[in-house]
Amino acid sequence: MGGRGKEEGGSKFWRVVFWNVAGLENKDKDFWEGLKKEEVLVMLETWIGEKGWERIRGRLPKGYEWGVQTAKRKNKKEKAIGGMMMGIRKGLKEKGTEIEIDREGLIAGKVSIGGERWSIVGVYAKKEEMEESLQELGHIMERKEEGSFTIIGGDFNARTGREGGSIEKEEGGGRLGGGRRLKDKKMERGGSW
């Protein structure tokens, strides 16, 4: 990787962070300073509406290009839910592209590093919109340009039912990880993707 990559063990790398921040207005100075370490940031569940965006805009680290999908209210009495934000360090965003924010629950940007082209896609799939989100991701992958790479991450709100824990599998069929147990025993797609 060229340019801004960090050195570790003789090779360069760059970082993409997907983070469910559970609201941005209550974050302290250390949170905002910590964001400066990453090349690409995708923050989910920002809970930031139009007015909130104006309040936090000045707290965002300088040196990034930002795309924001504001949170929506179901009605006036409820707080805004959802919301996404993507920051790409200046100089990494592919020239002539913008951070795409027009599809609810998806945010996407294109990065060019060391001659490689990458699409970064952030997902916040609400439980009731899971199938639509997965279909849209399928469409994104179908439109993928030859010779480019894609990173998809985010919060799929998937549940692994009574099995609990992660959905990673070891060789030999064993499972890794622990986690909470769900009372309703509901699983999305059989607990694995």
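User: What mix of nonpolar, polar and charged residues is in the lining of the largest cavity?
Analyst: The lining divides into two nonpolar, four polar and three charged residues. Keep in mind that this is a predicted model.

User: OK, which residues are they?
Analyst: The largest cavity is lined by Gln 69, Gly 82, Gly 83, Met 84, Glu 104, Gly 105, Tyr 124, Lys 126 and Glu 129.

User: And how much space lies in there?
Analyst: About 50 Å³.

User: How many cavities of 30 Å³ or more turn up in the whole structure?
Analyst: The search finds three.

User: Switching to the sheet. What's the strand order, and is it open?
Analyst: Yes, an open sheet of four strands, in the order 3-4-6-5, with mixed pairing. Strand 3 and strand 5 (64-69) are the edge strands, each pairing on one side only. On average, neighbouring strands are turned by 10° against each other, if you ignore direction.

User: Who does strand 4 pair with, and in what sense: parallel or antiparallel?
Analyst: Strand 3 (residues 16-20) runs parallel to strand 4, and five bridges join them. With strand 6 (residues 84-89), strand 4 pairs in the antiparallel sense, again over five bridges.

User: How does the chain cross from strand 3 to strand 4?
Analyst: The path goes through helix 1 (residues 29-34), making a right-handed β-α-β crossover.

User: Which residue is the bridge partner of Phe 18 in strand 4?
Analyst: That's Val 42. Asn 20 stands opposite Leu 44 of strand 4.

User: What about strand 6, which residue there stands opposite Leu 44?
Analyst: Met 84. Leu 44 therefore has Asn 20 opposite it in one pairing and Met 84 of strand 6 opposite it in the other, with strands counted as paired if there are at least two bridges between them. Met 84 also turns up in the lining of the largest cavity.

User: Is strand 4 mostly covered or exposed, and how many of its residues are buried?
Analyst: Strand 4 (residues 40-44) is mostly covered, with five of its five residues buried.

User: Which residues sit on which side?
Analyst: Val 40, Val 42 and Leu 44 are on one side, with Leu 41 and Met 43 on the other. Both faces are covered, as these residues are all buried. The alternation fits the general pattern, because side chains in a regular strand alternate between the two faces of the sheet.

Definitions and conventions: Residues are numbered from 1 along each chain as its sequence is written. This is a predicted model: local features need pLDDT of at least 70, side-chain atom pairs count only at pLDDT 80 or more; totals for chains, interfaces and linings use all residues. Side-chain values use heavy atoms; hydrogens and water are left out. Buried means under 20% relative accessible area, exposed over 50%, partly exposed in between (1.4 Å probe, protein chains only). A crossover is right-handed if, with the strands pointing away from the viewer, the path from the first strand over the helix to the second runs clockwise. On a 1 Å grid over the protein atoms alone, a cavity is a set of points where a 1.4 Å probe fits but cannot get out, and a pocket is an open set with protein on both sides within 12 Å along at least five of seven lines; lining residues have an atom within 4 Å of a point. Grid points are joined across faces, edges and corners, and a volume is the space filled by probe spheres set on the points. Ala, Val, Leu, Ile, Met, Phe, Trp, Tyr, Cys and Pro count as nonpolar, Asp, Glu, Lys and Arg as charged, and the others, Gly among them, as polar. Axes are lines fitted to C-alpha atoms, for helices over the stretch in contact, and angles run from 0 to 180 degrees between N-to-C directions.
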